[in-house]
Each structure stands twice: as structure tokens, then as C-alpha cells.
Number of protein chains: 2
Amino acid sequence: MNLLNTPAIRNIPEATVARLPVYLRALAALADQGLGICSSNDLASAAGVNPAKLRKDLSYLGSYGTRGVGYDIEFLRYHVARALGQTQDWDVVIVGVGRLGSALCAYNGFSSRGIRIAALVDSDPAKVGSKIGGLTVAPMSELASLVREQGVAIAVIATPGAAAQEVADALVAAGITSILNFAPAVVSVPDDVTVRKVDLSIELQILAYHEQRVRGVAG
Amino acid sequence: MNLLNTPAIRNIPEATVARLPVYLRALAALADQGLGICSSNDLASAAGVNPAKLRKDLSYLGSYGTRGVGYDIEFLRYHVARALGQTQDWDVVIVGVGRLGSALCAYNGFSSRGIRIAALVDSDPAKVGSKIGGLTVAPMSELASLVREQGVAIAVIATPGAAAQEVADALVAAGITSILNFAPAVVSVPDDVTVRKVDLSIELQILAYHEQRVRGVAG
DNA sequence: CCGATTTGGTGCGCACGTTCACAAACTCCT
DNA sequence: AGGAGTTTGTGAACGTGCGCACCAAATCGG
């Protein structure tokens, strides 16, 4: 029923999945401090969450702690990474190499987390052919073949909002099944495609709302 | 009890607040199409949400629709903007003008949403004094005076992870009460300070997790 | 003026996520 | 060896948010 090292991970709640990378980062920080073992309290405060929540989250992966002792940092790190799928690298294509796309491409925090920027695509002929961070920008027409040849499954949309839906359609047609959308627009995709949205101005608008509430009516 | 135009907005759920900017953007899109009235169905599909959810969200702000008719787009737009605090502009200081900070600074989707980049700060002496998008980069030592003089309440951390906590402490000391953190690190702040976190690699890691699940064990 | 139709507002049940509290299990000390 | 002290893992209660379904109100047509 179970392979030796493959504990047939039960369905992990979305909220937990979103926290696992934080735990992974906290574990790395603890390991850098030279620690070999940590308690749920240590890890929880390093990750900025409630200890009970941490333990419940980890319990979805299996029982990788020792009662009365704590968690072996390297051991837990391996298993969290495994649950997240970081035993292999994931290739990502970035569509749109404006300022944001370029910044993402140059960000060097990806490689250590199983993320590899595999290709850059842009519709602007002036940008096609230029090199950014060792990668050559390809035209949109090559998107499908790039995706298929390299087995890319994840795409980032870093275009203006007006182009987002069009790009998303092209990505879906090319076989992409996961999309991270930075463009300020809602994109609709088939049910079997996952879309996550990061909207910078929305985040600031939410903060502004809270500021407005905490102050009186006028600032 | 209530002023004429100030319907003493009851506590709006966080989930609703996070969607209001999306509605605002959808309303702008509908207005650009020349429409003056829209139904909850129209607006919901433009915003990518369930019509019932949209109506419930809007009902937290008040009753701004007309039964049998729909919503007056400009009227609703004004009231949603008001609820979000967009009747005034909010000044934002960006700490860290690396690639991401520069990209944010140049992003021109902020101004139309009540967000104004008021100042740039960096600890690197090589960057201090340089001009980016019409703003001069100031040293960290001027952070507090900048914040106080200009009445800035919102800050963006766009530094490497290692500097994030130090920057957050400085921001809090300077009187900032809302922080948007792009640095890959958890920052701890007093209870009266709001922090929102945007982590690019975490978003990709979450997508990778889903990819791993939908495929078999190996890609 | 009345009824059929359209459309916003809202109460209620369900599911998800969070937290608490406690039992199980391990270590250490005597 | 046994008991005291820790620390994990998890069942259960609680709160929040979501979506269905119903109700109320306004318009349109005759």
C-alpha cells in the first residue's frame, strides 16, 4: 500500500500547503544556527505561527517528530521538501520581461527552492533576442514549442493587465497547468489549470483600508 | 448617529476587503465599456466571483443597488472607493531599491488607485542620491524624518531577507503602522502594526506542490 | 392599477481552519 | 526500574466564511 519512503500523503489543506514553505525557510535558518533538533515552540516562533497550528500542519505529512524530544531539523526538512515536491526541480517560463519580469528573472532565491527559470517570452519584437540573466527572450510564437520541449508546467504572467487573458489562453493551449498571475486582471482558465494571483496594488489598497479604519475619518 | 454620506461602515470581513479592489477594477472595466448600469451577475462575472458572494460583500458597505435594476456603476464605484479609503491618496515609502523596488517604483498602476510613492530609501551608499522615476533615493538615516514630514503611514520592504527585520524595526520606530513585506523572511512587529507578506518563491512552491499532486510521483 | 419579472438583500446550514486540551511517548534522574 | 518532566500528535469545540435559497422591492406591460 505504501512504498518505503512514500507515505501516501493524505490531502493537505490549502492553508497548510501555503505555510509549508515558511516552515522550510525557518528550518533552514535554524540549521544555519548549527542546531540539530528543535521543538515545535522553537520552529513555530521562527516561522511566526502558533505552535499548535504548526504541529497540526506537520501532522498532515506524517509523524516526523519524537515526543519528549522535538524534531530532527534535517529529517523534517527533507520530508517537508518532499511533500512540497522539491525533490525535483520545476521549470518556469516567464511571459513578459518588463521591469517586474526582469526582476523575477534575476531573483536568486528560486534555485535553492526547486524553482528554475527555464525560458523568457515577450511579445515585443524589440525585446525578443535580448539576453536577461543568461536567458534569451523568445517570441510568443515559440511559447508552445518551448513548453513542450522543456516540459515546463508552470508559467508566470508579468504582462500589462490588458494582455493577461490572451497570454493565459496561449499558455493553456501550450499545455501549462499552473499559472502565477502578476497582471492586474482576472484571468479565466479551464478547471484543470491552477491560477494564483499576486496583485501589488491590491495589497497596498488593503493596507490603506486598515490605515483608514485605525485613524478617524480624515488622516 | 450617522452623518449624511458616512454610513458608519460596520466591520467588513477581511475576505471581503481583499475582494473590494477587484470589484473596483471590474467596475472600471465596465465603465470603460460605456455601461452605466450593471447587474450583480455582470459585475460578478467581470470580477470572477459568485454573484451571491458579490452581493453579500457589497451589502457590508450599505445598500447601493436598486432592486429590479442593478447597480449604478459610477455610484457604486464611488462608494466602494470610499469604503477602501481611496477618497484620499496614501503615501508609501519603499525601502530597498534593488530590482524589485525599482520595478515597484516604476509601476504606474498605483496612482489611479490612491497610492502614491512618496519616498525611496536604501542602505547602500552607492544607490543613495540616484534618481529613480523622479524620486531621489535617501539614506536610511533620513527614514524617520521623511516619514514624519510627509505623514507616510505605509511602507514597502523590498530588501534581501536578512535585512527585513532590521528595516521593519526602523519603520516601526519611525511611526509606520502598515507594512507590505516582499522580503523572504517573517518579520515581527507590535500588535498595532499591520504586516502583509508577498513571497514570490512561496507562490511558485505552492504551484509546484499542486503540479506534483496532479502528476504521479515523478514528472 | 395589477401582476409578472427581474434583481438586490439576507438568514441559515455546511465546510474549512484555528485553537485548546489531553493522552501517548520519550528522556533523564534517582 | 520507575517516576517526573517534556514534547508531540490529535480529537473536539469554536469561529469564520461561503453558497444556497428565499424574501422584498422596483420595473414593465397591459
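This passage describes how chains A and B of a predicted model are arranged and which of their residues lie near DNA strand D.

The relation between the two protein chains is considered before their contacts. Two copies of a chain are related by a rotation about an axis and a shift along it. In this model, chain B is superposed on chain A by a rotation of 180° with 0.0 Å of shift along the axis, at an RMSD of 0.1 Å, and that is the relation of a two-fold axis. The same surface serves both copies, since 100% of the contact residues of chain B recur in chain A.

Between the chains, 53 residues of chain B are in contact with 53 residues of chain A. On the side of chain B that touches chain A, two or more residues are given by each of α1, β4 (90-95), α5 (99-106), β9 (178-181), β10 (194-197) and α8 (200-214) of chain B, and the largest share, 14 residues, comes from α8(B). By residue class, this side of chain B comprises 30 nonpolar, 17 polar and six charged residues.

Around DNA strand D there are 27 residues, of which A:S40, A:S59, A:G65, A:G68 and B:G68 come nearest. The elements that give two or more residues to this surface are, from chain A, α3 (51-59), β2 (65-66) and β3 (70-72), and, from chain B, α1 (14-32) and α3 (51-59). With five residues, α3(A) gives the most to the surface near DNA strand D, and the residues of that surface divide into nine nonpolar, 11 polar and seven charged.

Notes:
Residues are numbered from 1 along each chain as its sequence is written. Chains are lettered from A and ligands numbered from 1 in the order in which they are written. This is a predicted model: local features need pLDDT of at least 70, side-chain atom pairs count only at pLDDT 80 or more; totals for chains, interfaces and linings use all residues. Copies are superposed by least squares on the C-alpha atoms of residues with pLDDT of at least 70 in both. Two residues are in contact if their C-beta atoms, placed from the backbone, lie within 7 Å. A residue is near a molecule or strand if its C-beta atom, placed from the backbone, lies within 6 Å of it. Helices (H or I, at least four residues) and strands (E, at least two) are DSSP runs, numbered from the N terminus. Ala, Val, Leu, Ile, Met, Phe, Trp, Tyr, Cys and Pro count as nonpolar, Asp, Glu, Lys and Arg as charged, and the others, Gly among them, as polar.
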